[in-house]
Amino acid sequence: MSLPTRPAVREGTLITSAGLDAQFDGFATGSLDINEENLREFAIDLPQLPDAKGEVGQGVILKRAAATVIGTGAMTHGSPVSVASYAGATFPTPHPVEDGAGNPTPLSLGASGWAMSAGDVLRVYYDLSVRPRLTETGAGQSPGVLAPYGIELDVFGSPSTTTAGDGMFAWLLWLQWDITDNTLTSFVPVPNQSDFDQAIPGVLGAYGDEVPLSASTCPVPPWIDYDDDSVRGQIQGISLALPIRWRGASGCYFYVPVTNVTVYGLRVVIAGVAHARNSGGINYWSWAPTVADGGDTYLEYTSGGLTAILHRGVV
Amino acid sequence: MPFTPSAFAPSTILTAADLQGNVDDLRVYLHQGVAAGDLDTGQWIENRHIQPPRIDPVRGLQNGVSGWQGGQTSDGPNARLSFMTSFFTGGGKEDVIPDEWAPVPNASFTLRLRRESKVLLHWSAEIANGPDDLSTTSGYNYDEDDRYVFLAPYIGNLSTPQMTRAQETRNALAFKSAVPYGTARPYVLGGYGNREGVFLYPSAQDDFASVGSVTIGLCYYARSDRAVCARWSVAVEAWGV
């Protein structure tokens, strides 16, 4: 069925120039009369549809897709980038993943950015090779300054107890985007994601944010607490912290904009060490600056990827 | 080619050539490329217009009007274990950029692309690496603590692993090394890793995979003598553009 419908030329009727012109004008270039009813039923996979290459938003399902290597670009571990654990009194400025020479490695979405319409679907994936470090006390013991995060454990054969870390620490990786311009100097957290820079109600001096505002967050354990000589579930001495060593960390995120928005770039940022917290019945990620412990707790990283895909919305 | 129909002026002779000319031009226009600017900018495609996919059960894939999708997994009641070893990847040679990679069995796809496309590989794997406590020989193998196993996507063949996208899992050592071992060697902590990633091909937003066959999958580079892929999954999406 064609939208520019025209009556057929029937035998016995008077042919006029206007009538003949009308048979074709509806299809003329510039008429904008050709709509889905002309073509889609038979042609959505045929060459009549314009090639989407270079034409923003012309893909049948996929509008745009792009990926970039983030970090140093090296697979081997010889020259990692190091991120210090936060030791201040409020909240850290997150570290944007960079190439080792101080140059951030965001995913640029081009000079015009990606224009997302309400209902479109933005999917983002990232990964990064990281190594949480804990260099205090060469034996790999837990950080000495654990308060108030320790838990008491019974010591085998003794009425005494000892304190071990509760294992609820994490380095946090999350996503920021720039929806201002393509200079990529105005990154803010993606929707449903916080920079964890809010004072936590009810806990003096605690900063972070609610767990539901960590939609793009990947937590990485900074160490593994264990006991070298446990006996029947009870430890015999202090707990030890096992270095995590190099590992792949990955995260993902999706967003369905409710209004039109143009995104110019995305980046992965890092901060730590955070700790789980509950206040007023709400779960939080809360910064734990005391475990920075003189710079002995830090995170190294090398290379990874950041991928973004924009789909046409389904109505 | 734009379509500009010839106008018929009043009081002129109507010729078959003029009439047929318009019809021919219209036919060419509709069958050889409608100008993008002539298309209505409203919603075109609804669910009912998507062609039902054709299933390829051998590869676990389906292809439809917009591209390919599907995947494979080792999960289920009879998990398939895929072993990885440094003996297939250069013996874990020390201090060299890895140049020998081996495929993770059953973790690749070959797609026949009918239009230029974007191809996205998803992968995940549960890795149990080691324990490999063979003595270290300089120039032959790595120290125990550096006996990682790397997983990386590849495109085309194993000469092009995406090493910048590799993810590693450590060797299951560094726990207690003397009896009684007991829980001092909890493999689920030391050498275990659940890794996952995606790989977009081509990565630049204005580049597209060419029409033809493309192979995309998962490969490994092991520095330890044994590692196992306990469970894994691979999936692929490809969109024509």
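Which residues touch the most other members of the largest nonpolar core? In this predicted model, they are A:Leu173, B:Val119 and B:Tyr220, within a core of 106 residues. Strand β9 of chain A, residues 169–178, supplies the largest share of this core, namely eight residues. Apart from it lies another core, of seven residues, which includes A:Phe24, A:Phe27, B:Tyr29 and B:Val34. As a general matter, nonpolar side chains in soluble globular proteins tend to be buried together.

One of the three residues named at the outset, B:Tyr220, repays closer attention. Leaving aside residues up to four places away in sequence, B:Tyr220 touches B:Met84, B:Trp101, B:Ala102, B:Val104, B:Val149, B:Phe150 and B:Leu151.

The two chains may now be taken in turn. Chain A contains three helices and 20 strands, and 43% of its 315 residues count as buried. Among its contacts between residues at least 6 apart in sequence, 76% join residues at least 24 apart. A particular example of two residues separated along the chain is given by A:Asp296 and A:Leu134: they are 162 residues apart in sequence, and their C-alpha atoms are separated by 5.6 Å. A:Asp296 is situated in the loop between β19 (282–287) and β20 (297–311) of chain A. Why does A:Asp296 count as partly exposed? The reason is that 16 other C-beta atoms lie within 10 Å of A:Asp296, whereas a buried residue would have 20 or more and an exposed residue 12 or fewer.

Confidence in chain A varies along the sequence. The average pLDDT of chain A is 82, and 74% of the residues score at least 70. Over residues 43–50 of chain A, however, the pLDDT is below 50, and this stretch has 17 contacts in the model beyond near neighbours in sequence. Residues 137–141 of chain A also have a pLDDT under 50, with nine contacts in the model beyond four places in sequence. Where pLDDT is low, the predicted coordinates should not be read in detail.

Chain B has two helices and 11 strands, which follow one another along the sequence in the pattern α-β-β-β-β-β-β-β-β-α-β-β-β. Of the 241 residues in chain B, 41% are buried. Contacts with a separation of 6 or more in chain B are made up to 72% by residues 24 or more positions apart.

Strand β6 of chain B, residues 117–129, is mostly covered, with 10 of its 13 residues buried. β6(B) pairs in the antiparallel sense with strand β11 of chain B, residues 227–240, over 13 bridges; in this pairing B:Lys118 has B:Trp239 as its bridge partner. β6(B) is also joined by 10 bridges to strand β9 of chain B, residues 192–201, and these two strands run antiparallel. There, B:Ile127 stands opposite B:Gly193. In general, the strands of a sheet pair through backbone hydrogen bonds, either parallel or antiparallel.

Chain B also holds an open sheet of four strands, in the order β5-β10-β7-β8, with antiparallel pairing. Its edge strands, β5 (102–113) and β8 (167–169) of chain B, each pair on one side only. From one strand to the next, the twist averages 15 degrees. Within chain B, strand β7 (residues 149–155) and β8(B) run antiparallel and are joined by three bridges. Across this pair, B:Leu151 has B:Gln167 in β8(B) as its bridge partner. B:Leu151 is also among the residues that B:Tyr220 touches.

Methods:
Residues numbered from 1 in each chain as written. Chains lettered and ligands numbered in written order. Predicted model: local features only at pLDDT ≥ 70, side-chain atom pairs only at ≥ 80, totals over all residues. Pairing = 2+ DSSP bridges. Axes fitted to C-alpha atoms, helices over the stretch in contact; angles between N-to-C directions. Buried ≥ 20, exposed ≤ 12 C-beta atoms within 10 Å, placed from the backbone. Contact = placed C-beta atoms within 7 Å. Core = buried A, V, L, I, M, F, W, Y, C linked by C-beta atoms within 7 Å. pLDDT = per-residue confidence, 0-100.
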